[in-house]
Amino acid sequence: MQIPSKYDANQVEGKWYDYWMKHNFFHSKPDNREPYTIVIPPPNVTGVLHMGHMLNNTIQDVLIRRARLQGKNACWVPGTDHASIATEAKVVAKLKEQGIDKNDLTREEFLKHAWDWTHEYGGVILEQLKKLGCSCDWERTKFTMDDDMSEAVIQVFVDLYNKGMIYRGYRMVNWDPEAKTTLSDEEVEYIEKQGKLYYVNYKVEGCEDILTIATTRPETILGDTAICINPNDERHTNLRGKKAIVPINGRVIPIIEDEYVDVEFGTGCLKVTPAHDENDKVLGDKHNLEVIDIFNEDATLNSYGLHYEGKDRFVVRKEIVKELEEKGHIVKIEDYTNRVGISERTKAIIEPRLSDQWFLKMEELVKPAIEAVLGDKPDIKLFPKKFENTYRHWMENIRDWNISRQLLWGQQIPAYYYGDGKEDFVVAESLEAALVIAKGKTGNNQLSTHDLRQDSDALDTWFSSWLWPMSVFDGIRNPENEEINYYYPTNDLVTGPDILFFWVARMIIAGYEYKGEKPFENVYLTGLVRDKQRRKMSKSLGNSPDALKLIDDYGADGVRVGLLLSSAAGNDLMFDEALCNQGKGFANKIWNAFRLVKGWEVSDAIEQPESSKVALEWFEAKFQETLAEIEDHYSKYRLSDALMATYKLIWDDFASWLLEIVKPAYQQPIDAKTLEGVIASFENILKTLHPFMPFLTEEIWQYMEERQPEEALIVAKWPENKSVNNELISGFDFAQEVVSGIRNIRKEKNISFKDSIGFSVINNENAQTIFDEVIKKLGNLEAIEYVSEAVDGALTFRVKSNEYFIPISGAINVDEEIKKLTEELNYIEGFLNSVQKKLSNERFMSGAPEQVVASEKKKEADALAKIETLKASLANLQ
């Protein structure tokens, strides 16, 4: 086979991916092997590949490919999430472009558009993952809105409702006025926002008194239903039992007393707007205050807004301040920074809103999940461990989960109303089942399905994905099926810390509730991908590279290496495109090493040189040492360290040393035994490298010899751990230093590497001479002569207590070399003198920082060692 001179990733990657797919290497079904299972964190069906996906899925693919090589039944389940808010927003935007208003459509009409959109654009990201080399079991691809997945979600809702854990409640919720839906607390981000604090005067009814309140939201004044003062605040005793008049609308409201009011903040008078602030709602309930909601669902003002009706809340804020100023109600306005909640998805500012919603009680559900991660004998390990504190904080401060969303796209809540009252409903898995329950509940056998109306809300997307490790194996609908019993619990979960609570914790909760055990053993939490300036990558900043273009430019293997080289476990990744270039360079290095090996002629007639024999023995020991190191890194999810250990083994030990030792002389053949050993070593390297660089390694593997599909690298056998010969490794380390000393002298004295030279050693170390032939070959030495005393007229260097001599007669001009060494000696002695003066100066020693003193002492030690070597070299020349 003709081996191309250059490695062309664009030619290679599609070829091998198609080959793996054709031979079904990614597919898994239960058998007698040990299962190794990963479920993909399902990306949004609307999504396209970005740097976070690239990192996360590269890590998963590394783990799954290694498990496959280890002989495990590796199963990586891919899929996508229907992403209610994000997808509905995209469909609404597309309809708007076509002149269609979502509100003019029936639910069925809208869902048809949503499904059309999903079929057209959904799942693009899964195709893009194939470009990265992801070896998912594509036959198992799931979507959270698949019929079987939706059935599981509805079944769980009904079950939890029947257990008394799901209830309907009128609560203050987080309202996204852009998506027009509620959000759970976890879907709200908090940001610092520069705003204003407005001081507003209210008249007190029946007298000339004025009270002043401070508010950041003057537009909500129109919803005020009380003013509250602290009963211990002596400044406001005159207000007790009186009433205030709300500016603009003239509503008369009570002045109430409660110790909740912070005497230190603002003026000590608090406006109470129960419909638009959670704390005000608590006060309102306590004091039986009226609740006046002044907003529509899109945060425009309703009829309570008077002449501001129909205007946006932020437009009204400006206009109402102007009106209040004109009417003399504004006392002063100050700059004020406060924390504002924004929607994680739409970035709209959240509006607290009272609403009928569905909630899941969490207090009892959460207990097994706390124990599973934080107990004395945890079932689930988080990597890095530091995230246990985050997990603890979320779980120990958990609130009931608002699981309803005012959306059409998603699993529709299986509650059916048979009357007009809030409690006139039943919960069932189907309309027919609901009718049976409703007849029983009402005693009305005349009820028909036409009398039932299903709740229009959809379930929170996370209420689907919290079942993911079970529902992908049909473990909810068929809890004892073969697949769930074989693949569950899964092994490793790889995800970002930003969804540790949203998704990871909830999957753990669901796992214990529905399977009575953990959903996975280990959770590897990747860092965020940031740019070189440590900024989070985002579309708005324009600092996120095009993932597919990176693959085109550097090859999938190059990008995978680039990502992992910059990604220490759990720490944020400082992504630099130069690292992808380094990955591409690494691929080229391996390719060139392979071409070198395959380019050698081989002869059965040649004896194996001693240098090649010991070099191969050393490399086997080095490989085993590195393999143990790699295994340790994998066990701790230090994948970048595992890659770096592999990288050094290949670049330094294999390419720079082993191949250099064994390569035959110019235009000479290599002996068959050595070549066989080199190929065996190369194959072991390819196996350890395959999880990181699957395409390059498969290409080389298949070029090495004609192989059948069942002999493909993807299903080869992971190298076996054997005992490490540490004497060989330390002996070779010593030999490397000797070779480096010879090369340095050749370079410094311009002695051609083509010319063989004499070499003597005073062997004080009594070191083994097993590597003498290696030293002789790499140093191009005539011989290695063991002597008992210094050799005259030779250059010298030391390795530990061994002293080495290279005779220089004829190779250099002795007089010039003596002059040069003398000048260097004089300079170093002068330098040493200046350093020692500093170190003998008491003021310097007492005043200088510790590290500066340490640096000067090191300079002294280095200079003394250099002087000793120079004097030895001069003595040998004179």
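This briefing describes salt bridges, one helix, two buried side chains and some unusual backbone geometry in the structure above. The model is a predicted one, and every value below was computed from it. The structure holds 52 salt bridges, and a few of them are described here together with the places where their residues lie. Two buried residues, His276 and Trp175, are then followed through their contacts, before the text turns to cis peptide bonds and positive phi values.

**Salt bridges**

- Asp31 and Arg33 are joined through their side chains in a salt bridge, with N and O 2.9 Å apart. Asp31 is partly exposed, because its relative accessible area of 33% falls between the limits of 20% and 50%. Arg33 is likewise counted as partly exposed, at 38% relative accessibility.
- Lys94 and Glu120 form a salt bridge in which the closest N and O atoms are 3.6 Å apart. Glu120 belongs to helix H4 (residues 107-121) and Lys94 to helix H3 (residues 84-97), so this pair ties together parts that are 26 residues apart in sequence. Lys94 itself is partly exposed, with a relative accessible area of 27%.
- A salt bridge between the side chains of Lys112 and Asp116 has an N to O distance of 3.1 Å. Both of these residues sit in helix H4, where they are 4 residues apart, or about one turn of the helix. Lys112 is exposed, with a relative accessible area of 54%, whereas Asp116 is partly exposed, with a value of 38%.
- A network of salt bridges links Arg217, Glu219, Arg313, Arg317 and Glu351.

**Helix H3 and its surroundings**

- Helix H3 has 14 residues, which at 1.5 Å a residue should span 20 Å, and the C-alpha atoms at its ends are indeed 20 Å apart, in agreement with that expectation.
- The buried residues of H3 are Ser84, Ile85, Ala86, Thr87, Glu88, Val91 and Leu95. The elements that cover these buried residues include H4, strand S6 (181-183) and strand S21 (458-459).
- Ala83 is found in the loop between strand S3 (79-80) and H3, and Ala83 counts as buried at 5% relative accessibility.
- Just after H3 comes Gly99, which takes a positive phi of about 80 degrees.

**Two buried side chains**

- His276 lies in the loop between strand S12 (269-272) and helix H7 (278-286). His276 is buried, because its relative accessible area of 3% is under the 20% limit.
- The side chain of His276 reaches the backbone nitrogen of Ile294 at a distance of 3.0 Å. Leaving aside neighbours within four places in sequence, the residues in contact with His276 include Met172, Thr220, Phe295 and Pro352, and also Arg217 and Glu351, two members of the salt-bridge network described above.
- Trp175 is placed in strand S5 (residues 166-176), and Trp175 is also buried, with a relative accessible area of 3%.
- The side chain of Trp175 reaches the backbone oxygen of Glu297 at 2.6 Å. Trp175 and Asp298 are 123 residues apart in sequence, yet their C-alpha atoms are 9.3 Å apart in space.
- With neighbours within four places in sequence left aside, Trp175 is in contact with residues including Lys180, Thr181, Ile349, Arg353 and Gln406. Glu351 is among the contacts of Trp175 and also among those of His276.

**Unusual backbone geometry**

- Most residues other than glycine have a negative phi, and most peptide bonds are trans. The cases below can be read against that background.
- The peptide bond that joins Phe383 and Pro384 is cis, with omega about -5 degrees. Pro384 is found in the loop between strand S15 (381-383) and helix H10 (387-396).
- The peptide bond from Tyr488 to Pro489 is cis as well, with omega near 0 degrees. Pro489 lies in the loop between helix H14 (482-487) and strand S22 (490-495).
- Ala83, the buried residue in the loop before H3, has a positive phi near 45 degrees although this residue is not a glycine.
- Asn288 is not a glycine either, and its phi is positive at about 55 degrees. Asn288 is located in the loop between H7 and helix H8 (313-326), and Asn288 is exposed, with a relative accessible area of 71%.

Key. Residues are numbered from 1 along each chain as its sequence is written. This is a predicted model: local features need pLDDT of at least 70, side-chain atom pairs count only at pLDDT 80 or more; totals for chains, interfaces and linings use all residues. Side-chain values use heavy atoms; hydrogens and water are left out. A salt bridge is a side-chain nitrogen of Lys or Arg within 4 Å of a carboxyl oxygen of Asp or Glu. Buried means under 20% relative accessible area, exposed over 50%, partly exposed in between (1.4 Å probe, protein chains only). A polar contact is a pair of N or O atoms within 3.5 Å; within protein, one must be able to donate a hydrogen and the other to accept it, and residues adjacent in sequence count only if both atoms are side-chain atoms. Contact means heavy atoms within 4.5 Å. The expected span of a helix is 1.5 Å times one less than its number of residues.
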